[in-house]
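Me: Please take a close look at one kind of side-chain contact here, and start from a single pair. Then follow the surrounding parts outward, in plain terms for someone new to it.

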Amino acid sequence: MKKITSVLVKPAGPDCNMACTYCFYLKKAGLFPESKTHRMSEAVLEEMIRQVMTQAERQVSFGWQGGEPTLMGVDFFQKAAEFQKRYGWDQTVGNGLQTNGLLIDRYWADFLSRDRFLVGLSLDGPKEMHDRYRVLRNGRGSWKKVTDAAKRLLDSGVEVNALSVINDFSVRFPGEIYEFHKSVGLNHMQFIPCVEADPLNPRKLASFSVKAEDFGRFLTRIFDLWINDFYDGEPGTFIRFFDSVFYIYAGFQPPMCTLSEECGDYLVVEHNGDVYSCDFFVEPEWRLGNVLEDSLSTLLNGEKQKRFGSRKREWVRFCGDCPWLAYCRGGCPKDRLCLGNPETPPLCRSYQIFFEHAHGRLLEMAEAWKRARR
């Protein structure tokens with residue numbers, strides 16, 4: 001029986017104070033037509049945290065995402081931290097906040113630093129790349145506000161990761177994006193490939209989606225830059241995808257669910273308490289229940305969640321005898337289903353290009369790591 005190790009929480013649902021062109025979550029508002037504004041009540045917050053803390057392992061993490069979770073205000077997250085302490089039992093608790101940064105003032109930064117929240121800041125790189133699609137509701141770019149927020153967070157001692165969506169435009173500038181993040185002080189980076197279907201023609205990728213070969217070349221260039229920043233065998237920057245891949249080469253379970261053999265190890269809790277199988281599958285088919293009516297542990301171990309998780313293992317048969325399957329593990333099911341056909345995942349060629357380039361070096365690094373620990 002699986003224990004709860006992490007939950008992903010959408011306290012403001014799909015609500016956001018930006019209008020990013022490539023956002024996939026804004027349309028989820030159609031699932032909650034009872035109100036134009038979506039906010040998690042204190043009753044839902046408390047019951048969710050009570051269940052997580054009493055049903056979880058010794059280590060548990062909360063991911064706060066959206067939409068834009070900072071729309072809830074600092075007081076909401078202070079209350080969340082209080083509930084974690086009230087219902088916890090000598091556990092190690094991690095909190096991660098993914099934000100666009102627009103509302104991050106000094107008060108927010110001080111709170112996030114004091115309560116040790118890890119912040120994922122959505123920043124697509126230099127101004128030209130970032131403002132291409134990450135726009136405000138008036139159509140203007142958000143880069144200046146976001147970079148100001150980055151400085152404010154770093155100055156307050158908050159641990160910050162740069163979350164960059166790699167799209168049809170930004171994929172051309174791996175070096176510029178990597179060096180920009182370093183110059184700002186964001187040495188922890190996550191590069192998220194944009195893979196979305198065209199709303200007018202679901203059999204085609206949206207124009208802003210990244211092409212597989214382009215993303216493969218992007219990853220290889222970032223890999224080389226990452227390797228060049230090693231000093232005395234230690235990395236100078238941290239790239240989430242590379243770190244997770246290295247876990248596999250070293251013989252461990254990778255932290256990224258994209259690289260796991262099955263899905264279904266965490267739950268998503270929406271603002272109204274509805275529980276879903278995955279962030280990318282907040283849709284009626286994969287609604288598991290509601291935190292005010294059901295046990296989270298029961299939902300995590302239920303037949304529906306098991307069926308959701310096992311689909312990935314079933315679909316990798318389409319990968320045949322690909323030599324890289326042991327490392328990419330078929331990628332994310334969301335990408336495989338983007339165009340409605342799990343047989344032809346859009347990013348397959350990306351992974352082939354990357355592993356053909358990086359495999360030898362990753363093997364060497366893993367062997368060196370093992371030798372150092374014998």
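Reply: In this predicted model, the side chains of Glu 262 and Arg 313 form a salt bridge, with 3.0 Å from N to O. Glu 262 sits in the loop between α8 (240-249) and β10 (267-270), while Arg 313 belongs to helix α10 (residues 303-315), so the salt bridge ties together parts that lie 51 residues apart in sequence. Are the two partners buried or exposed? Neither label fits: Glu 262 counts as partly exposed at 30% relative accessibility, and Arg 313 is likewise partly exposed, at 44%.

This pair is one of 25 salt bridges counted in the model. Another joins the side chains of Arg 349 and Glu 213, at 3.9 Å from N to O. Arg 349 is in helix α13 (residues 348-372) and Glu 213 is in helix α7 (residues 212-228), so this bridge ties together parts 136 residues apart in sequence. Arg 349 has a relative accessibility of 32% and is therefore partly exposed; Glu 213, at 40%, is partly exposed too.

A further bridge stays within one helix. Asp 214 and Arg 217 meet through their side chains at 2.6 Å, N to O. Because they are 3 residues apart in helix α7, about one helical turn separates them. Asp 214 is partly exposed, with a relative accessible area of 26%, and Arg 217 is partly exposed at 44%. These bridges do not stand alone: a network of salt bridges links Glu 213, Asp 214, Arg 217, Arg 349 and Glu 356.

Going back to the starting pair, the loop that holds Glu 262 lies between α8 and β10, and β10 leads into the sheet. Which strands does that sheet contain, and in what order? It is an open sheet of 10 strands with mixed pairing, ordered β9-β6-β5-β4-β3-β2-β1-β10-β11-β12. Its edges are β9 (238-239) and β12 (287-290), each of which pairs on one side only. Strand pairing works through backbone hydrogen bonds, in either a parallel or an antiparallel way. Strand β10 runs antiparallel to β11 (residues 274-276), with 2 bridges joining them. Val 268 has Tyr 276 in β11 as its bridge partner.

Helices lie across this sheet. Helix α1 crosses β1 (4-10), β2 (56-64), β3 (92-99) and β10, and runs at about 145° to β2. Helix α2 lies across β2, β3 and β4 (117-122), at about 175° to β2.

The next topic is the nonpolar core. Nonpolar side chains in soluble globular proteins tend to be buried together. Here the largest nonpolar core has 49 residues, and those that touch the most other members are Leu 45, Met 48, Val 52, Phe 62, Trp 64, Phe 77 and Leu 112. Helix α1 (residues 42-55) gives this core its largest share, 6 residues. There is also a second, separate core of 41 residues, which includes Phe 169, Ala 358, Leu 362 and Met 365.

A polar residue touches members of the largest core. Gln 84, in helix α2 (residues 74-87), counts as buried because its relative accessibility is 8%. Setting aside residues up to four places away in sequence, Gln 84 touches Ile 49, Met 53, Phe 62, Trp 64, Val 93 and Asn 95.

Aromatic rings add further contacts, with 34 aromatic pairs in the structure. Why is the pair of Trp 64 and Phe 77 called edge-to-face? Their ring centres are 5.3 Å apart and their planes stand at 85°, so the pair falls into that class. Trp 64 is in strand β2 and Phe 77 is in helix α2, 13 residues apart, and the pair links distant parts of the chain. Trp 64 is buried, with a relative accessible area of 0%, and Phe 77 is buried at 0% as well. Phe 77 also pairs with Phe 117: the centres are 6.2 Å apart and the planes are at 90°, so this pair too is edge-to-face. Since Phe 117 is in strand β4 and Phe 77 in helix α2, the pair ties together parts 40 residues apart in sequence. Phe 77 and Phe 117 are both buried.

Finally, ring pairs also build a cluster, whose members include Phe 223, Trp 226, Tyr 351 and Phe 354. Phe 230, Phe 241, Phe 242 and Tyr 249 are also among them.

Terms used. Residues are numbered from 1 along each chain as its sequence is written. This is a predicted model: local features need pLDDT of at least 70, side-chain atom pairs count only at pLDDT 80 or more; totals for chains, interfaces and linings use all residues. Side-chain values use heavy atoms; hydrogens and water are left out. A nonpolar core is a set of buried Ala, Val, Leu, Ile, Met, Phe, Trp, Tyr and Cys residues joined through side-chain atoms within 4.5 Å. Buried means under 20% relative accessible area, exposed over 50%, partly exposed in between (1.4 Å probe, protein chains only). Helices (H or I, at least four residues) and strands (E, at least two) are DSSP runs, numbered from the N terminus. Contact means heavy atoms within 4.5 Å. A salt bridge is a side-chain nitrogen of Lys or Arg within 4 Å of a carboxyl oxygen of Asp or Glu. Two strands pair if DSSP finds at least two bridges between them. Axes are lines fitted to C-alpha atoms, for helices over the stretch in contact, and angles run from 0 to 180 degrees between N-to-C directions. Rings of Phe, Tyr and Trp (its six-membered ring) pair if their centres lie within 6.5 Å; planes under 30 degrees apart count as stacked, over 60 as edge-to-face and the rest as tilted.
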